[in-house]
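Open the model in your viewer and keep the selection tool ready. This tour goes stop by stop, saying what to select and what is there.

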Amino acid sequence: MLLCIPTVKLFGFQQRRNFSSLAKRFSLIGKSPLEPQTQASLDKDFLPWLERIAGAKITNTLSIGKSTYGRSLFASKFIHAGECMLKVPFNAQITPDELPPDIRVSLTDEVGNIGKLAAVLLREKKTGQKSRWLPYISRLPQPAEMHSTIFWGEDEFSMIRCSAVHKETVKQKAQIEKEFSIVAQAFKQHYPMVIERPYLEDFMYAYALVGSRAWETSKGISLIPFADFMNHDGLSASIVLSDEDNQLSEVTADRNYSPGDEVFIKYGEFSNATLMLDFGFTLPYNIHDEVQIQMDVPNDDPLHAMKLGLLQTHHTRTVKDINIFHSSCDTFTIKEVKSAIGKGKGIPQSLRAFARVLCCTIPQELNELSKEAAQNDGRLARLPFKDRNKELEAHKILLSHINRLIEDHSACIKEMEESKCHFVSQRFAVRREMARDLLSGELRVLRSAAEWLNHYCTTLFSVTMEPVLQSLQ
Ligand SMILES: C[S@@+](CC[C@H](N)C(=O)[O-])C[C@H]1O[C@@H](n2cnc3c(N)ncnc32)[C@H](O)[C@@H]1O
């Protein structure tokens, strides 16, 4: 997942908040942050260097410091809401265009934007002291400070085995390996002597750096030095904006800041699953949490082929897929259902439709669903079955699937709590905390969906039973 950079200047303002819940994170694990002043003196040459490259002033109000989340930007003066805090010209940003044309040609379309920019970083790292980006590259987090699940060891990884992040991490690692083989081949061909052979671990590290701190821009993707020292607060309304006319990226304050305050931006509306895989951190309570669930048409279903065919024919993505997780006709994203009593959105219509298809037992029922879709908006099984027992059966299938996921998540959390011992490495403690944030958020979402389904099934059941009860009176 990349950070998106809008070109429209649109942002809201909000009141100053207190960051105690965010600050709690990682302070639990005994990491003592460097005082901002100490860090500022270590980084005092950075801005003058970047401003020389940019040929322009980048900020008058911010300085680099260190917080519990690594390098950060702090207000060095009073900043008022609406004030522009920093401007980084495009010529001081790093893009895949830095790759020599012959390498760019060799990288083909099989290497995505992240992989291409990771190749730039890798080359600059290998260039060492001669790299023009050395002051920036030497300030990027070290591998030991990065916690994306792509770096997790087996014992850490098994903590999240019940979450879709597990499978997505495996997929992402395979993709990185594939892109690495193309990048390594291109380096071998074009820099046979100049650059030392890259290793997969180096590329994975560069890939994770890019994935956690690059923005999508008109150049495809860009690292924006200095702006990328800002940490994430999901409640901030400040984002990095692109001003194409003036060829720069800028950030405007969404609130007032006093000198010494850490300045945050919002990376996006990301669930803990995305934050964990792509950015290597989680939030203790994340309102954007969601759960990826996969449903199958059983292989022994006599209508297996017909159902799959119908589901595939009718599968369309109506919204742009902003998720790391890919969409297919049997994979659904559920978000927290705010109200179990029928208000609000409930669980996704597409999931309910899948369950209706699942519980059809004769071809005629499937044909009727197809006909109904053609007569309406083309989407399959979006209307409740007229037969209430069938509608109840479909939703009970979902309820039992979600209840199973609740059991799996609860078991993983319990296991984690029971195995909690104080003598673990700091790295393991951070990752266990992340696993707990992820699983407890997913559990909250699953429970809300189960509650909604329970309410729907109870209502359906009572309506179904009404005539029976009346006949008994
Ligand atoms: C764009 S960089 C921000 C600067 C970074 N702290 C550094 O040292 O360079 C994104 C990284 O900062 C850290 N980070 C940002 N916001 C965070 C938060 N709210 N909680 C924990 N870590 C955070 C994560 O390691 C993330 O991958």
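Which element gives the largest share of the shell around the ligand? Strand E3 does, with three residues. Keep in mind throughout that this is a predicted model.

**Stop 1: the ligand**

Select the ligand and the 17 residues around it. Gly70, Arg71, Ser212, Asn231 and Phe281 come nearest. Now color by element. E3 (70-75), helix H9 and strand E7 (231-232) each give two or more residues to this shell. Then color by class. The shell has seven nonpolar, six polar and four charged residues.

**Stop 2: the largest nonpolar core**

Next, select Val88, Leu117, Ala118, Phe203, Ala206, Tyr207 and Val210. These have the most contacts inside the largest nonpolar core, which has 58 residues. Helix H9 (residues 200-213) supplies the largest share of this core, eight residues. So H9 appears at two stops: it also gives residues to the shell around the ligand.Zoom in on Ala206. Leaving aside residues up to four places away in sequence, Ala206 touches Ala118, Leu121 and Leu122.

**Stop 3: another core**

Apart from the largest core lies another, of 54 residues. To find this core, select Ala164, Tyr267, Leu283 and Ala450, which are among its residues.

**Stop 4: helix H3**

Now select residues 46-54, helix H3. Which residues of H3 are buried? They are Phe46, Leu47 and Ala54. Look down the helix axis. These buried residues cover an arc of only 90 degrees, which puts them on the same side of H3.

Turn to the face pointing away from that buried side. There you meet the exposed residues Pro48 and Arg52.

Turn back and ask what covers the buried residues of H3. The cover includes strand E2 (62-67), strand E4 (84-89) and helix H6 (134-137).

Before leaving, step just past the end of H3. Gly55 takes a positive phi of about 70 degrees there.

**Stop 5: Glu433**

For the last stop, select helix H15 (residues 426-472) and pick out Glu433 within it. Why does Glu433 count as partly exposed? It has 18 other C-beta atoms within 10 Å, while a buried residue needs 20 or more and an exposed one has 12 or fewer.

Finally, add Thr282 to the selection. Glu433 and Thr282 are 151 residues apart along the chain, and their C-alpha atoms are separated by 8.5 Å.

Note on methods. Residues are numbered from 1 along each chain as its sequence is written. This is a predicted model: local features need pLDDT of at least 70, side-chain atom pairs count only at pLDDT 80 or more; totals for chains, interfaces and linings use all residues. A nonpolar core is a set of buried Ala, Val, Leu, Ile, Met, Phe, Trp, Tyr and Cys residues joined through C-beta atoms within 7 Å. Helices (H or I, at least four residues) and strands (E, at least two) are DSSP runs, numbered from the N terminus. Two residues are in contact if their C-beta atoms, placed from the backbone, lie within 7 Å. A residue is near a molecule or strand if its C-beta atom, placed from the backbone, lies within 6 Å of it. Ala, Val, Leu, Ile, Met, Phe, Trp, Tyr, Cys and Pro count as nonpolar, Asp, Glu, Lys and Arg as charged, and the others, Gly among them, as polar. The arc is that of the directions from the helix axis to the C-beta atoms.
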